[in-house]
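Welcome! Have a look at the model below, and then we will walk through it together, one topic at a time.

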Number of protein chains: 2
Amino acid sequence: MVERLTRQEQRTRNRLRLLEAAEKVFAERGIQGASLDEVAAEAGLTKGAVYSNFAGKEELVLAVMWHRLGEEEQAQADLLMCADRPADDLVKMYGEHWAATARGGDQDLYARVAVEFMVYATRHPGIREELLTLLFPPTEMRRHPLAPPGSALADLPPEQADAILKSLDIGMRLLTLLAPEHCPPELFPTALDLLTSPKADSSPEG
Amino acid sequence: MVERLTRQEQRTRNRLRLLEAAEKVFAERGIQGASLDEVAAEAGLTKGAVYSNFAGKEELVLAVMWHRLGEEEQAQADLLMCADRPADDLVKMYGEHWAATARGGDQDLYARVAVEFMVYATRHPGIREELLTLLFPPTEMRRHPLAPPGSALADLPPEQADAILKSLDIGMRLLTLLAPEHCPPELFPTALDLLTSPKADSSPEG
DNA sequence: GAATCCGAATACCGATTAGTATCCATATAC
DNA sequence: GTATATGGATACTAATCGGTATTCGGATTC
């Protein structure tokens with residue numbers, strides 16, 4: 001009686017379960033340390049299901065990466081593309097969103113997998129390539145959405161501002177994971193304020 | 001004729017070789033992925049030498065951490081404790097030192113192991129504890145050495161400024177490893193400038 | 001110079017891993 | 001209702017790992 005699902009539905013449901021289970025195990029054990037058996041068990045399935053849905057471990061890693069990082073990157077893009085809001089509002093919203101994804105979900109889950117993927121990609125060219133298309137989509141911008149006009153950050157080429165902000169993002173995620181007592185999630189908005197506050201202009205009043 | 005070394009000298013020399021070999025293998029394979037066999041082989045020894053010099057893998061990891069991170073932290077402390085230099089000079093020197101350790105040595109070696117240790121410590125409480133004593137020694141400061149008076153950074157509690165700078169440090173190391181084409185090492189001094197430049201003061205002229 | 005000691009080499013163990021091959025249950029097609 | 005195709009379970013392999021037990025060779029000691 002349980003089996004009221006069509007074959008396709010079963011398959012896609014199992015695939016999703018595997019993706020979410022893999023994400024959880026990746027966060028707990030690291031990608032290297034995650035065994036396909038544990039992923040399958042976490043999903044309530046067996047390794048057969050893994051190899052039925054993915055060509056191997058690398059493909060599973062890629063799929064999880066797209067499933068989670070892609071979703072998060074999209075959320076950030078959506079948040080930043082409210083181009084009509086003043087930049088200061090965007091900075092505030094972005095800071096809050098960051099803190100939420102630092103502690104939300106399943107206990108640091110997003111922060112852990114984000115760091116894991118970056119480190120893992122460092123040693124796996126295939127993963128690296130796809131991760132870069134996620135992190136640095138080929139869009140040229142005239143000004144970084146988080147750099148309010150008049151801030152020192154806005155004086156940089158937007159690609160440099162982007163790299164700095166992404167560095168602070170992933171770095172604070174890692175440090176918050178390692179030592180939340182020294183680097184609480186609330187510190188990110190503070191740092192963002194520093195970078196986006198109006199610069200001391202060299203021509204005081206015009 | 002090769003054996004002109006006393007027993008103690010042999011031992012300490014082998015121990016050092018193992019430490020440096022381990023550092024290299026950790027950087028190449030990651031700490032999890034590094035096998036003791038490969039570490040020993042890299043040192044021109046065998047696993048017996050490893051277990052003769054270290055209680056196990058965890059002890060080896062700890063020893064490498066102290067050997068390298070301790071040395072680097074000391075170098076930074078030495079650099080920052082030239083308390084007589086103006087803060088701007090310190091910022092400049094620190095930025096240059098950073099770029100040097102991002103590309104120096106054996107091809108990103110320091111950056112790789114620094115990231116590796118932090119990620120590894122995230123899941124190994126023993127490692128974490130010792131790493132925290134390295135990263136956050138119990139010294140209270142009245143002002144962060146890299147926060148010039150008058151900069152926005154100097155308005156923060158020095159512990160917060162420290163956490164922000166450390167986040168940027170490790171984050172940019174990771175991003176530079178992953179995508180040097182988008183995040184070149186020269187970007188760190190730029191980011192440092194942003195954080196340490198004079199703030200736009202709210203009382204323009206007094 | 002023989003006896004001893006010790007650091008490292010060697011051989012081995014149980015556990016675990018990614019990947020494969022096979023089998024089975026059942027949704028689907030006719 | 002029967003045959004078939006397919007998705008997932010099961011069983012297995014070869015390789016690799018950390019760790020241990022034992023052995024070996026040369027430095028140390030007397």
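## Two copies and an axis

A turn of 180° and a shift of 0.0 Å along the axis lay chain B on chain A with an RMSD of 0.1 Å; the fit is by least squares on the C-alpha atoms of residues with pLDDT of at least 70 in both copies. The two copies are thus related as by a two-fold rotation axis.

This is a predicted model, in which local features need pLDDT of at least 70, side-chain atom pairs count only at pLDDT 80 or more, and totals for chains, interfaces and linings use all residues. Residues are numbered from 1 along each chain as its sequence is written, while chains are lettered from A and ligands numbered from 1 in the order in which they are written.

## Where the chains meet

How many residues does each chain bring to the contact? Chain A gives 44 residues and chain B gives 44 residues, where two residues are in contact if their C-beta atoms, placed from the backbone, lie within 7 Å. On the side of chain B that touches chain A, helices H6 (109–123), H7 (125–135), H8 (158–178) and H9 (187–196) of chain B each supply at least two residues. Helices here are DSSP runs of H or I with at least four residues, numbered from the N terminus. H8(B) gives the most to this side, with 15 residues.

Why can we say that the copies meet through the same surface? Because 100% of the interface residues of chain B are also interface residues in chain A.

## Two unusual loop residues

Most residues other than glycine have a negative phi. B:Gln107, which is not a glycine, has a positive phi of about 55°, and B:Asp108 has a positive phi near 65°. B:Gln107 lies in the loop between helix H5 (87–103) and H6 of chain B, and B:Asp108 also has its place in the loop between H5 and H6 of chain B.

Are they buried or exposed? B:Gln107 is exposed, with 11 other C-beta atoms within 10 Å, whereas B:Asp108 counts as buried, with 21 C-beta neighbours inside 10 Å. The cut-offs are 20 or more other C-beta atoms within 10 Å for buried, 12 or fewer for exposed, and partly exposed in between, with C-beta atoms placed from the backbone.

## Helix H1 of chain A

The buried residues of H1(A) include A:Leu18, A:Leu19, A:Val25 and A:Phe26. Among the elements that cover the buried residues of H1(A) are helix H2 (36–42) and helix H4 (57–80) of chain A. H1(A) is followed by A:Gly30, whose phi is positive, near 85°.
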